[in-house]
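The following exercises are to be worked with the sequence and the coordinates at hand. Each consists of a task and a solution in steps.

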Amino acid sequence: MPEIFVTGHQNPDTDSIVSAHVFAWMLEQSEPNTTATPLRLGDPNPQSAWLFETAGECLPALRTDCRPTLAEACAKAPTVSPDSPLSHALRVLRENRSSVVVVQEEDGKIVGIISDRMPRVNYLLSANIEDMLGTLLRWQNVVESLPLKAVNRVPVEREPSGMRFVSGIKPSPNDVLVTGSEPADPTGILQSNPAAIIVVGPDRCPSLEDQDKIPVYSYQGSAFAFCTSLGGCIPCRNAMETEYTTIDSEEILSETRHKIAQAEHGLLVVHSSGQLVGLVTSQQLAEAQRPCVALVDHFEKAQSIKGLQEASIAAIIDHHRIGDIETNEPVDIDCRIWGSTASILFARCRESGLEVSPSKARLLLGALIADTLLLRSPTTREQDRRIAQELASLADVDLNKFGMEVLRRNDQLLSARADDLVSLDCKTFTHGDHRFIAAQIETVDIAALSNERATELDQAIANQLNGKDFAALMITDVIKQSSRLSILSHSDHWLRILTPDTNEPAWMVADFVSRKKQLIPYLLDRLNS
């Protein structure tokens with residue numbers, strides 16, 4: 001079965017990260033053959049990081065696109081060294097059923113490629129090799145590649161520069177003379193004083209082998225096999241093509257279709273450091289499966305992982321409004337109007353008989369507390385209260401004491417950079433033709449917010465508009481259960497529509513703590529009026 005990525009929304013809060021982690025575990029428990037990998041689409045906030053650390057569990061991996069990268073989709077690239085014989089490279093090519101063999105130095109540096117479809121390779125395999133000794137290949141290449149057996153153990157004292165077959169043509173003193181086991185004139189062969197003699201065939205040639213002046217080697221195959229094997233002795237460095245195309249391993253497979261289709265021998269996939277990762281061809285495109293994802297804590301395309309349009313959605317577990325995500329097939333959708341996705345997941349564990357460990361109970365409780373503001377948010381349901389008590393018992397913690405610590409861990413009202421703070425829990429929403437963003441910042445003491453700091457935060461959220469109609473910023477005092485709201489836009493039109501009668505861009509609202517239950521419905525009502 002394909003791997004399932006389980007992911008929450010962008011700019012993840014604690015409920016989103018915890019839900020991805022726990023639901024991935026649940027999928028693997030319920031389907032033993034399933035591989036489910038939890039993901040996060042951004043950096044964890046201090047609350048989430050602290051919660052996972054104290055629970056002794058690992059944070060989900062950071063990944064922002066569900067589509068496979070070239071590093072994940074590419075095939076292993078067979079490699080040879082520059083000094084390997086061409087015949088070895090072609091054998092590696094066949095054994096790996098690859099379109100190309102990569103020629104690499106010992107340090108991993110790519111220097112060329114070899115393929116049986118290259119004109120140069122096919123020319124060398126069929127060319128007259130007699131005159132190539134000393135140019136494209138050296139004597140040692142022939143000895144090692146065929147292989148040749150030294151018969152009389154006389155060393156080669158001068159590097160051969162050519163090869164001649166016994167045919168009445170007088171060889172040069174630096175030539176290698178090739179003969180059968182029964183030469184017509186062995187004395188004449190010895191008198192020509194070649195650099196070495198090769199006896200081809202299964203039989204010995206005592207008239208040439210039993211002398212100690214000229215090196216003699218034997219080749220046990222036929223003369224035809226000897227001739228056709230010579231081209232394969234050429235070192236890869238002299239046969240390879242040095243012009244090849246590389247592509248970064250982090251590129252997305254589906255976005256490189258055109259490049260792959262244009263590459264005659266495929267593309268060499270390399271790391272940013274230049275090291276070889278693999279080979280990608282049209283075959284990998286044809287074999288690539290659609291990524292499979294399960295979504296938690298969101299139902300909006302704009303909030304989800306990149307590449308969702310190319311993915312198959314396996315499940316959606318959420319407690320927000322039904323957004324604009326569509327599926328091609330019926331899937332497991334569980335949307336309950338509870339205070340947190342963590343509450344829903346715990347209920348599903350109970351419904352399916354899964355036993356929740358103390359560490360996962362701690363995670364789920366922390367996420368429930370974070371999303372319901374310690375059960376004070378209007379989104380809180382009786383089910384959340386009952387589940388919180390049960391999770392506290394499983395995690396062996398005091399609910400109120402642990403809850404206050406969870407809330408304090410997320411209070412960065414005065415300490416964090418304004419741009420970072422407004423990005424921590426910022427979501428994009430779509431309503432008809434309108435797109436807007438809504439961010440929430442939680443604090444245990446809003447009285448500490450100065451006018452200067454408030455202006456700085458408003459400006460930070462305004463900087464993130466990026467073509468959207470407006471932004472709403474909600475700074476919530478989780479103890480006093482009140483919020484400061486501000487609307488930011490490049491157009492006064494939205495300020496007139498969305499702010500109260502006072503027409504001020506920022507105002508305080510009592511008993512107002514939930515973005516999902518209070519802020520978003522307020523904004524949508526204003527847009528519809």
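**Exercise 1. The nonpolar cores**

Task: In this predicted model, determine how many residues the largest nonpolar core has and which of them have the most contacts inside it.

Solution.
Step 1. The largest nonpolar core comprises 53 residues, and Val6, Phe23 and Leu364 have the most contacts inside it.
Step 2. Helix 1 (residues 14-30) contributes the most to this core, namely nine residues.
Step 3. A further core, of 46 residues, lies apart from it; Leu90, Val92, Ile198 and Tyr219 are among its members.
Step 4. The surroundings of Val6 may then be listed. Leaving aside residues up to four places away in sequence, Val6 touches Ala20, Phe23, Ala24, Leu27, Ala36, Thr37, Pro38, Leu39, Ala294 and Val296.

**Exercise 2. Two residues compared with the burial cut-offs**

Task: Decide whether Thr7 is buried or exposed, and do likewise for Tyr123: buried or exposed?

Solution.
Step 1. Thr7 belongs to strand 1 (residues 4-7), while Tyr123 is part of helix 5 (residues 119-126).
Step 2. The cut-offs are under 20% relative accessible area for buried and over 50% for exposed.
Step 3. The relative accessible area of Thr7 is 0%, so Thr7 is buried. For Tyr123 the value is 52%, and Tyr123 is therefore exposed.
Step 4. The contacts of Thr7, not counting residues up to four places away in sequence, are with Ala20, Leu39, Leu41, Ala294, Leu295, Val296, His298 and Ile305.
Step 5. For Tyr123, a distance may be added: its C-alpha is 69 Å in space from that of Ala361, with the two positions 238 residues apart in sequence numbering.

**Exercise 3. Backbone geometry**

Task: State where a cis peptide bond is found, and which residues in loops, other than glycine, have a positive phi.

Solution.
Step 1. Most residues other than glycine have a negative phi, and most peptide bonds are trans.
Step 2. The bond joining Leu146 and Pro147 is cis, with omega about -10 degrees. Pro147 is situated in the loop between helix 6 (139-145) and strand 7 (149-150).
Step 3. Asp297 has a positive phi, near 65 degrees. This residue occupies the loop between strand 15 (292-296) and strand 16 (312-318), and it counts as buried because its relative accessibility is 0%.
Step 4. Leu374 also has a positive phi, near 55 degrees. Its loop runs between helix 14 and helix 15; with a relative accessible area of 7%, Leu374 is buried.

**Exercise 4. Packing of helix 16**

Task: Identify which residues of helix 16 are buried and which elements they pack against.

Solution.
Step 1. In helix 16 (residues 399-408), the buried residues are Leu399, Phe402, Gly403, Met404, Val406 and Leu407.
Step 2. These residues pack against helix 2 (46-55), helix 14 and helix 15 (382-395).
Step 3. At the start of the helix, a side-chain oxygen of Asp398 comes to within 3.3 Å of the backbone nitrogen of Asn400.

**Exercise 5. The largest pocket**

Task: Describe the lining of the largest pocket: how many residues does it have, and which lie nearest the centre?

Solution.
Step 1. The pocket has a volume of about 550 Å³.
Step 2. Its lining consists of 34 residues, with Asp425, Lys427, Gln440, Arg515 and Lys516 nearest the centre.
Step 3. Two or more lining residues come from each of helix 14 (358-372), helix 17 (418-424), strand 18 (426-431), strand 19 (434-443) and helix 20 (515-528). Helix 20 gives the most, with five residues.
Step 4. By class, the lining has 11 nonpolar, 14 polar and nine charged residues.

Methods. Residues are numbered from 1 along each chain as its sequence is written. This is a predicted model: local features need pLDDT of at least 70, side-chain atom pairs count only at pLDDT 80 or more; totals for chains, interfaces and linings use all residues. Side-chain values use heavy atoms; hydrogens and water are left out. On a 1 Å grid over the protein atoms alone, a cavity is a set of points where a 1.4 Å probe fits but cannot get out, and a pocket is an open set with protein on both sides within 12 Å along at least five of seven lines; lining residues have an atom within 4 Å of a point. Grid points are joined across faces, edges and corners, and a volume is the space filled by probe spheres set on the points. Helices (H or I, at least four residues) and strands (E, at least two) are DSSP runs, numbered from the N terminus. Ala, Val, Leu, Ile, Met, Phe, Trp, Tyr, Cys and Pro count as nonpolar, Asp, Glu, Lys and Arg as charged, and the others, Gly among them, as polar. Buried means under 20% relative accessible area, exposed over 50%, partly exposed in between (1.4 Å probe, protein chains only). Contact means heavy atoms within 4.5 Å. A polar contact is a pair of N or O atoms within 3.5 Å; within protein, one must be able to donate a hydrogen and the other to accept it, and residues adjacent in sequence count only if both atoms are side-chain atoms. A nonpolar core is a set of buried Ala, Val, Leu, Ile, Met, Phe, Trp, Tyr and Cys residues joined through side-chain atoms within 4.5 Å.
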